[in-house]
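Let's take a friendly walk through a protein model together. Have a look at the picture first, and then we will go from its charged pairs to its overall fold.

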Amino acid sequence: MDADRPLRETLVTEGRALRKMTLATPAEAAGARLDLFIAEAAGVSRKEVKRALDGGRVFVDGATERRASRLLSGGDGVVATLAAVPPAPALPAILHRDR
C-alpha cells in the first residue's frame with residue numbers, strides 16, 4: 001500500500017453510507033494526535049472522527065482506540081470507518097444571462 005494514498009472502501013450500514021480508510025502513519029507524522037491525523041487524511045471534521053472513535057470504528061495496529069488524544073508513532077496502521085462525505089452540490093444551470 002502506498003502511504004500517500006489511503007485505501008478507501010465504501011460501505012452502507014443501517015441506511016448510512018460509511019467509508020473505511022486504511023492509513024499508514026508516515027515517520028513525519030510521529031507524535032501527531034490521532035484525531036488530527038485522521039481528520040486531515042480523510043478530509044472530515046474532528047467531530048466526525050470523534051463520532052467514529054466513540055463508536056469503536058477506529059483501530060490502531062488492530063486494537064480498538066477510543067482516545068482522540070492518542071499520539072501516533074511512525075508506521076502505526078490506522079483503520080477508520082467514517083461517514084461518507086456527501087457529494088458536492090451541483091451548480092445551477094444558467095437559465096438567462098443579461099447582456
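## A word to start with

A residue is called buried when its relative accessible area is under 20%, exposed when that area is over 50%, and partly exposed in between. Keep in mind that you are looking at a predicted model. With a relative accessible area of 29%, Arg33 falls into the partly exposed group.

## Arg33 and its partner

What does Arg33 form with Asp35? The two make a salt bridge, and their closest N and O atoms are 3.0 Å apart. Side chains of opposite charge can pair when their charged atoms come close.

Is Asp35 buried or exposed? Asp35 counts as buried, because its relative accessibility is 4%, below the 20% cut-off. So this salt bridge links Arg33, which is partly exposed, to Asp35, which is buried.

## Further charged pairs

How many salt bridges does the structure hold? There are eight. One of them joins Arg57 and Glu48, with 3.7 Å between the closest N and O atoms. Glu48 is buried, at a relative accessible area of 8%.

Another salt bridge runs between Glu65 and Arg67, where the closest N and O atoms lie 3.2 Å apart. Glu65 is buried, with a relative accessible area of 10%, whereas Arg67 is partly exposed at 48%. This pair belongs to a network: salt bridges that share partners connect Glu65, Arg67, Arg70 and Asp76.

## Helix H1

Asp35 also has a place in helix H1, which covers residues 34–42. Which residues of this helix are buried? They are Leu34, Asp35, Phe37, Ile38, Ala39 and Ala42.

After H1 comes Gly43. Its phi is positive, near 70°.

## The whole protein

Now step back and follow the chain from start to end. The protein has two helices and five strands. Along the sequence, these elements come in the pattern β-β-α-α-β-β-β, so two strands precede the helices and three strands follow them.

How much of the protein is buried? Of its 99 residues, 31% are buried. On the outside, the protein exposes about 6,700 Å², and carbon and sulfur atoms supply 54% of that area.

Contacts tell you how parts of the sequence meet. Among contacts between residues at least 6 apart in sequence, 51% join residues at least 24 apart.

Technical notes. Residues numbered from 1 in each chain as written. Predicted model: local features only at pLDDT ≥ 70, side-chain atom pairs only at ≥ 80, totals over all residues. Heavy atoms only, no water. Salt bridge = Lys/Arg side-chain N within 4 Å of Asp/Glu carboxyl O. Buried < 20%, exposed > 50% of the residue type's maximum accessible area, 1.4 Å probe, protein only. Helix = DSSP H or I, 4+ residues; strand = E, 2+ residues; numbered from the N terminus. Contact = heavy atoms within 4.5 Å. Areas by Shrake-Rupley, 256 points an atom, 1.4 Å probe, with all protein chains shown as cover.
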